[in-house]
Amino acid sequence: MCERYGIPHSQFRGQGDGTWTDLDRRKALAYAAYQRQVCQGCGTRLDEWDETHGGTEDAYTAITLRCIGCQLLADKQKTVPEGDEGHGVKVALVPTSVHAALQYARTHQH
């Protein structure tokens, strides 16, 4: 959260006035170093798998999950025309209540 909002950890915890302390800087640098070790593809760190660094090859189990939102997006994307007709067409998820309100507003405009 601190990285996202660019605030020192002490401020996040409700302490201090937002001034970066030495401890805040050390925490931020440690977190940045940790993030550099995280694989962008799977989100794990090599040490978690490496037994010589306290890890194990059984550190994680691969599972499958189905996200209905991603499924809906993929299905709708198949309906976008190829070529010029499909250029610029975006597929997005809109809450059903918002979609209904937009449809109502379109059909009941003065």
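**Helical architecture and local environments in the predicted model**

At 28% relative accessibility, Leu 73 counts as partly exposed. This residue of the predicted model lies in helix H5, which comprises residues 68-77. Apart from residues up to four places away in sequence, Leu 73 touches Val 91, Ala 92 and Leu 93. A separation of 23 Å was computed between the C-alpha atoms of Leu 73 and Gln 40, two residues that stand 33 positions apart along the chain.

With regard to the overall fold, the protein contains six helices and zero strands. The order of elements from the N terminus is accordingly written α-α-α-α-α-α. The radius of gyration of the protein is 23 Å, whereas a compact globule of 110 residues would have a value near 13 Å. The C-alpha trace spans about 60 × 45 × 30 Å along its principal axes. Of the 110 residues, 10% count as buried. Of the contacts formed between residues at least 6 apart in sequence, 4% join residues at least 24 apart. The accessible surface amounts to about 9,700 Å², and carbon and sulfur atoms account for 55% of that area.

In the N-terminal part of the numbering, helix H2 covers residues 9-12 and includes Ser 10. Ser 10 has a relative accessibility of 13% and therefore counts as buried, the threshold for this class being under 20%. Its side chain is joined to that of Asp 24 by a polar contact of 2.7 Å. Beyond the residues up to four places away in sequence, Ser 10 touches Gln 15 and Thr 19 in addition to Asp 24.

Phe 12 is also placed in helix H2. With a relative accessibility of 45%, Phe 12 is classed as partly exposed. Together with Met 1 and Tyr 5, Phe 12 makes a nonpolar surface patch of about 370 Å². Residues admitted to such a patch must have over 30% relative accessible area, and the value of 45% for Phe 12 satisfies this condition.

Charged side chains were examined next. Side chains of opposite charge can pair when their charged atoms come close. The count of salt bridges in the model comes to one. This salt bridge is formed by the side chains of Asp 22 and Arg 26, with an N to O distance of 3.0 Å. Both partners lie in helix H3, where they are four residues apart, or about one turn of the helix. Asp 22 is partly exposed, at a relative accessible area of 45%. Arg 26 likewise counts as partly exposed, at 48% relative accessibility.

Two loop residues complete the description. Thr 44 is located in the loop that connects helix H3 (22-37) with helix H4 (46-49). The relative accessibility of Thr 44 is 8%, so this residue counts as buried. When residues up to four places away in sequence are set aside, the residues touched by Thr 44 are Gln 37, Val 38, Cys 39, Trp 49 and Tyr 60.

Glu 57, by comparison, is found in the loop between H4 and H5. A relative accessible area of 58% places Glu 57 in the exposed class, for which the limit is over 50%. Outside its neighbours within four places in sequence, Glu 57 is in contact with Trp 49 and Glu 51. Trp 49 thus appears among the contacts of Thr 44 as well as those of Glu 57, although Thr 44 is buried and Glu 57 is exposed.

Technical notes. Residues are numbered from 1 along each chain as its sequence is written. This is a predicted model: local features need pLDDT of at least 70, side-chain atom pairs count only at pLDDT 80 or more; totals for chains, interfaces and linings use all residues. Side-chain values use heavy atoms; hydrogens and water are left out. Helices (H or I, at least four residues) and strands (E, at least two) are DSSP runs, numbered from the N terminus. Buried means under 20% relative accessible area, exposed over 50%, partly exposed in between (1.4 Å probe, protein chains only). A polar contact is a pair of N or O atoms within 3.5 Å; within protein, one must be able to donate a hydrogen and the other to accept it, and residues adjacent in sequence count only if both atoms are side-chain atoms. Contact means heavy atoms within 4.5 Å. Patches are made of residues with over 30% relative accessible area and no salt bridge: like charges are joined within 9 Å, nonpolar side chains (Val, Leu, Ile, Met, Phe, Trp, Tyr) within 5 Å. Accessible areas come from the Shrake-Rupley method with a 1.4 Å probe; for residues, only the protein chains shown count as cover. A salt bridge is a side-chain nitrogen of Lys or Arg within 4 Å of a carboxyl oxygen of Asp or Glu. The radius of gyration is taken over C-alpha atoms; the globule rule is 2.2 Å times the number of residues to the power 0.38.
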